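Me: I'd like to see how the labels on this model are earned, with each value set against its cut-off. Could we start with charges and rings?

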Amino acid sequence: MIRIAAEEAWAPKEVLERYRRLLAEKSVAWDPGFHSLWGFFLGPKPRASALARRIQDLDDERLRDMDASGIAMQIVFLSAPGVQVFDAPTATSLARECNDQLADAVRRHPSRYAALAAVAPHDAASAGKELERAVRKLGMKGAVINSHTQGEYLDEPKYAPILEAAEALDVPIYLHPNTPPPGMIAPFLPRGLDGAIYGFAVETGLHLLRLVVAGVFDRHPKLRIVVGHLGEGLPFWLFRLDYMHRSMVISERYPGALPLQRQPSDYLKENVWVTTSGMQWAPAIRFAQQVLGIERVLYAMDYPYQFVPEEVKVTDELAISEEERALLYQGNAERLFRLK
Ligand code: CA
């Protein structure tokens, strides 16, 4: 058995430089979440500069850190918010450059990395084509989308070309968190709840639920979505989602919430996989395995954001069979991302 970590972040110098320019050029009101997150990580604090250094590296330091924490392989992709904060033409060309660079690193270290492609959702037709290029020509294993794109969600019909491409290529989309958009973030900010502590989960969980209730999985039954943080809280809500969705549909209160072919929990169990990123907590991992299925939960570390080498102990010591542990660390990732 080897340990594969399935939600690991990278960002090249060019992207970080562009983030710096965005922070300098645009007013905070434009995207307070982006300012909160990258204003910190591109700032002077030691934790921030260590992260900014680590996140750019795809060779010596990262491989050393992986060895120190017993990680054989990373599923690595462009860090949030990726290219999604830029205008569509910039985002589209930058995604392509990032994918070429990341594919080069996979070629240098083929046994240590597999990669997901960055795409620019705001030009959905080009994003679908870039995903196809990344999978067919660069050997990438799927796409990452950092939740909302400037306040818009993938259940809107204009994003269908991306979902169609993922379905046709039979690759998953990792729906990674983003900071809440301007229309959502106001009550989070004063108490520092906009980021990984809670805001990410609220925003990304909302995004995934929108896909479910909008009937995206009825229209794209083969679509596979991966979310981190043990499903952004949603596994705990399965019973209530089914119960309340039934009464919501019966009430006919919302023209945008129509009947589905199945219950919300069915899609969350059959179209969705979750990773343990940032959630190294045995009871929560066991609960997710229990309600979603043992084959639905994959290990992730969230390097370099949450680089705590000794955390793998939680998974090493989880009270499950060795066969189940091998699925959690290796087998589920190999099957989901078709690593072999
Ligand atoms: Ca992450």
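Reply: Gladly! A charge sits over a ring if NZ of Lys or CZ of Arg is within 6 Å of the ring centre and within 35 degrees of the ring normal. Before we apply that, note that this is a predicted model: local features need pLDDT of at least 70, side-chain atom pairs count only at pLDDT 80 or more, and totals for chains, interfaces and linings use all residues. Residues are numbered from 1 along each chain as its sequence is written, and side-chain values use heavy atoms, with hydrogens and water left out.

Me: What makes Arg3 count as lying over the face of Tyr329?

Reply: Arg3 is 5.3 Å from the ring centre of Tyr329, and that falls within the 6 Å limit. Another case is Arg296, which lies over the face of Trp273 at 4.0 Å from the ring centre.

Me: Why is the pair of Tyr19 and Phe86 called stacked?

Reply: Rings of Phe, Tyr and Trp (its six-membered ring) pair if their centres lie within 6.5 Å; planes under 30 degrees apart count as stacked, over 60 as edge-to-face and the rest as tilted. The centres of Tyr19 and Phe86 are 5.9 Å apart and their planes make 20 degrees, so the pair is stacked. Along the chain these two are 67 residues apart, with Tyr19 in helix 1 (residues 13-25) and Phe86 in the loop between strand 2 and helix 5. Here helices (H or I, at least four residues) and strands (E, at least two) are DSSP runs, numbered from the N terminus.

Me: And what makes Phe40 and Phe41 edge-to-face?

Reply: Their planes are 70 degrees apart and the centres 5.0 Å, so the angle is over 60 and the distance within 6.5 Å. The structure holds 13 aromatic pairs. One aromatic cluster is formed by Tyr19, Trp30, Phe34, Trp38, Phe40, Phe41, Phe86 and Tyr305.

Me: How do you know which of Phe40 and Phe41 is buried or partly exposed?

Reply: Buried means under 20% relative accessible area, exposed over 50%, and partly exposed in between (1.4 Å probe, protein chains only). Phe41 has 5%, so it is buried, while Phe40 has 33%, so it is partly exposed. Tyr19 and Phe86 are both buried.

Me: Why is strand 1 called largely enclosed?

Reply: In strand 1, 7 of the 7 residues are buried, so the rest of the structure largely encloses it.

Me: What makes strand 1 and strand 3 the edges of their sheet?

Reply: Two strands pair if DSSP finds at least two bridges between them. The open sheet has 3 strands in the order 1-2-3, paired in parallel. Strand 1 (4-10) and strand 3 (113-115) each have a single partner strand, so one side of each has no neighbour in the sheet. Strand 1 and strand 2 (residues 73-78) share 5 bridges, so the pairing criterion is met. Leu78 in strand 2 is the bridge partner of Trp10.

Me: How do you know that strand 8 and strand 9 are joined?

Reply: Strand 8 (residues 272-275) and strand 9 run parallel with 2 bridges, so the minimum of at least two is reached. Thr275 stands opposite Leu298 in strand 9. These belong to an open, parallel sheet of 6 strands, ordered 4-5-6-7-8-9, with strand 4 and strand 9 as the edge strands.

Me: What makes Asn99 and Ala118 a contact?

Reply: Contact means heavy atoms within 4.5 Å, and Ala118 touches Asn99, as well as Leu78, Ala95, Glu130 and Val144, leaving aside residues up to four places away in sequence. Asn99 is in helix 5 and Ala118 in strand 4 (residues 117-118). Asn99 has a relative accessible area of 1%, so it is buried; Ala118, at 4%, is buried as well.

Me: Why do Glu7, His176 and Asp302 count as donors of the calcium ion?

Reply: Donors are N, O and S atoms within 2.8 Å of the metal (3.2 Å for Na, K and Ca); water is not among the atoms, so sites may look incomplete. Glu7 (OE), His176 (NE2) and Asp302 (OD) lie 2.1 to 2.4 Å from the calcium ion, so they qualify under the 3.2 Å limit. Their spacing along the chain is E-x168-H-x125-D. His176 sits in the loop between strand 6 (173-175) and helix 8 (182-185), and Asp302 in the loop between strand 9 (297-298) and helix 15 (312-316), so the pair ties together parts 126 residues apart in sequence. His176 and Asp302 are both buried.
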